[in-house]
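Visitor: I would like a short tour of this model. Could you show it to me?
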Amino acid sequence: MDVQIQQRVNSWLSGSYDQQTKDAIKILEKENPNDLIEAFYKNLEFGTGGLRGIMGVGTNRMNKYTVGTATQGFANYLNKIYPNQQIKVAIAHDCRNNSRFFAETTAHVFAANGIKVFLFDSLRPTPELSFAIRHLGCQGGVVCTASHNPKEYNGYKAYGNDGGQLVPPHDVNVMNEVAAIENIDEVMFSGGEQLITIIGKEIDDAYIAMVKGLSVYPDAIEQQKDLKIVYTPIHGSGIKLVPRVLETFGFTNVHIVKEQEIPDGNFPTVIYPNPEEAETMSLGLKLAKELDADILLGTDPDADRVGVGIKNHKGDWVLMNGNQTAVLAFAYMIEARKAKNIAQPNDMIVKTIVTTYMIDDIAKSNDVACYNVLTGFKWIAELIKEKENKEHYVIGGEESFGLMIGDKVRDKDSVSAVALLCEMAAYEKGKGKTLYDKLIELYIEYGFYYEKLISITKKGMHGQEEIAEMMKGYRDNPPKELNGSKVAQLLDYKLQIGKKLDNGQTWKIDLPQSNVLQFILEDGSQISARPSGTEPKIKFYFSVKTELKSKEEFDEKLASLEDKINALMKDLKL
């Protein structure tokens, strides 16, 4: 075993760790030395999104000690930047195994450091944590969740005083504080329990009232209140709020997928509790077909992502991709606000650089400012803060099934998204149409954009190295041509430089550094390559487009766009 790994193991066996932890390490030493190496070969990194990892003993695992160390570092930073005042934080957690334990551990460490804690009484959606930070005037917050990762994982997301996840310089400063903790004895696990306040219903009620205020066409719901809705929380925290929000909006015909209704960190009916996966939505689809429903919605374990199923133009059930859902939601908020005369001249919308540029076209045609930011809702939240009192934020989103409507929450929010998507379906049904009909109309008006995401997983110690090699290859030797179309531009967000490949002309990209590469082709196609920040994956985002003149040629045009993406993938050897 590597000397450094052995030293880490020894420090846990001899240090102030509980006996159960030490016994578990000894069992690994004896029975699973490879697992022991995986558990100790590095420290679980407190990255820009907090912590995320497999649960278990070790420095590279989610456990009481890695969570405690992260919280001590965060507490040290909060006490530095808010001296001589009573600091407040809010803490929430999802349905995962150990999430409550990690949330309570976090609460006790903060309290031991003199920080007032508002801890939710049980599991809650992540967006409600963001709302609570703002509502209670907190300086920070934490939610214990690993979002849509497999059941072995858990995580820890850190928030600032605006209710958004930490951004520079705060994220790096907290990371440095966490890294500076050399010994577990520096972590204060107890003392100050009187500073912990349990919260629940009062925040739920305030949050639900806020979401109700986002409704643009309540009259459409009144006319279609029996819209047949199927909802699955996928064993997660959405069950706490989504049914109540739909009821508050006025919907009376909501059917919950029974097999996935009860919160369960083992996710017994799915492999990945992710509404982006067709397999995860299959039970919901089955019920939607049986009931001949109007719309299907599924939220992930911490209820920040939403998956949508609707009937297509042939009457067949289909699952929307995140770009299609975003196009419908953005178009609705822009068009409905215009129609109701509540649009403001300084309205703005925000999306990420890997989300469909069809949204930019819709915004441009409607004279609404559209900003592109890096992947992650923290950057949308940061832009809202930057534009506060100058521009009016309406909606933001990204292709990975996330929407954020209104500025009272500063993270992606599937609870409000479910409500608004159902309102949109009711509005279209009132006109004798479906959301799919509306989508095709938008394609005819603004251009037929089609996107696809490919994820390649590289596990283990060498996974990150393989991903880094792939990115280096694309950077050093970018493709000159793909599917018969020249690569016109290379946008390198890590170097913050855009480059025209024909004449070498360069320009600065005015966004923070991020390990993303984009290839812009002469025919308008785009390919983005981005290593995931939270999983051992590299993601490729494909976007192609064509003109659509009528509904009748939709199938033919769709097939041609799918062929185009397949050809691009082949040229990239994916």
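Visitor: Which residue caps the N-terminal end of H16?
Guide: This is a predicted model, where local features need pLDDT of at least 70, side-chain atom pairs count only at pLDDT 80 or more, and totals for chains, interfaces and linings use all residues. Residues are numbered from 1 along each chain as its sequence is written, and side-chain values use heavy atoms, with hydrogens and water left out. Look for a side-chain oxygen 3.2 Å from the backbone nitrogen of tyrosine 436 (a polar contact is a pair of N or O atoms within 3.5 Å; within protein, one must be able to donate a hydrogen and the other to accept it, and residues adjacent in sequence count only if both atoms are side-chain atoms). That oxygen belongs to threonine 434.

Visitor: How far apart are the end C-alpha atoms of helix H16?
Guide: Helices (H or I, at least four residues) and strands (E, at least two) are DSSP runs, numbered from the N terminus. The expected span is 1.5 Å times one less than the number of residues. For the 12 residues of H16, 435–446, that gives 16 Å. The model agrees: the ends are 16 Å apart.

Visitor: How many residues of H16 are buried?
Guide: Buried means under 20% relative accessible area, exposed over 50%, partly exposed in between (1.4 Å probe, protein chains only). Among the buried residues are Leu435, Leu439 and Tyr446. H16 is largely enclosed by the rest of the structure, because the buried count, out of 12, is 9.

Visitor: Which residue just after H15 takes a positive phi?
Guide: H15 covers residues 414–430. At its start, a side-chain oxygen of aspartate 413 comes within 2.9 Å of the backbone nitrogen of valine 415. Just past the helix, phi is about 75° at glycine 432.

Visitor: Which helix gives the most to the lining of the largest cavity?
Guide: On a 1 Å grid over the protein atoms alone, a cavity is a set of points where a 1.4 Å probe fits but cannot get out; lining residues have an atom within 4 Å of a point. The largest cavity has a volume of about 40 Å³ (the space filled by probe spheres set on the points, which are joined across faces, edges and corners). Helix H12 (322–339) and strand E15 (402–405) each supply at least two lining residues. The top contributor, with 3 residues, is H12.

Visitor: Is phenylalanine 118 buried or exposed?
Guide: Phenylalanine 118 sits in strand E3, residues 116–120. Leaving aside neighbours within four places in sequence, its contacts (heavy atoms within 4.5 Å) include Val89, Leu136 and Ile199. Its relative accessible area is 11%, so phenylalanine 118 is buried.

Visitor: Which residue does a cis peptide bond join to proline 168?
Guide: Most residues other than glycine have a negative phi, and most peptide bonds are trans. Here omega is about 0°. The partner lies in the loop between strand E5 (153–159) and helix H7 (170–179). It is proline 169.

Visitor: What is the relative accessible area of asparagine 389?
Guide: Asparagine 389 is in the loop between helix H14 (377–387) and strand E14 (392–398). Its phi is near 70°, a positive value in a residue other than glycine. Asparagine 389 is exposed, with a relative accessible area of 82%.

Key:
On a 1 Å grid over the protein atoms alone, a cavity is a set of points where a 1.4 Å probe fits but cannot get out, and a pocket is an open set with protein on both sides within 12 Å along at least five of seven lines; lining residues have an atom within 4 Å of a point.
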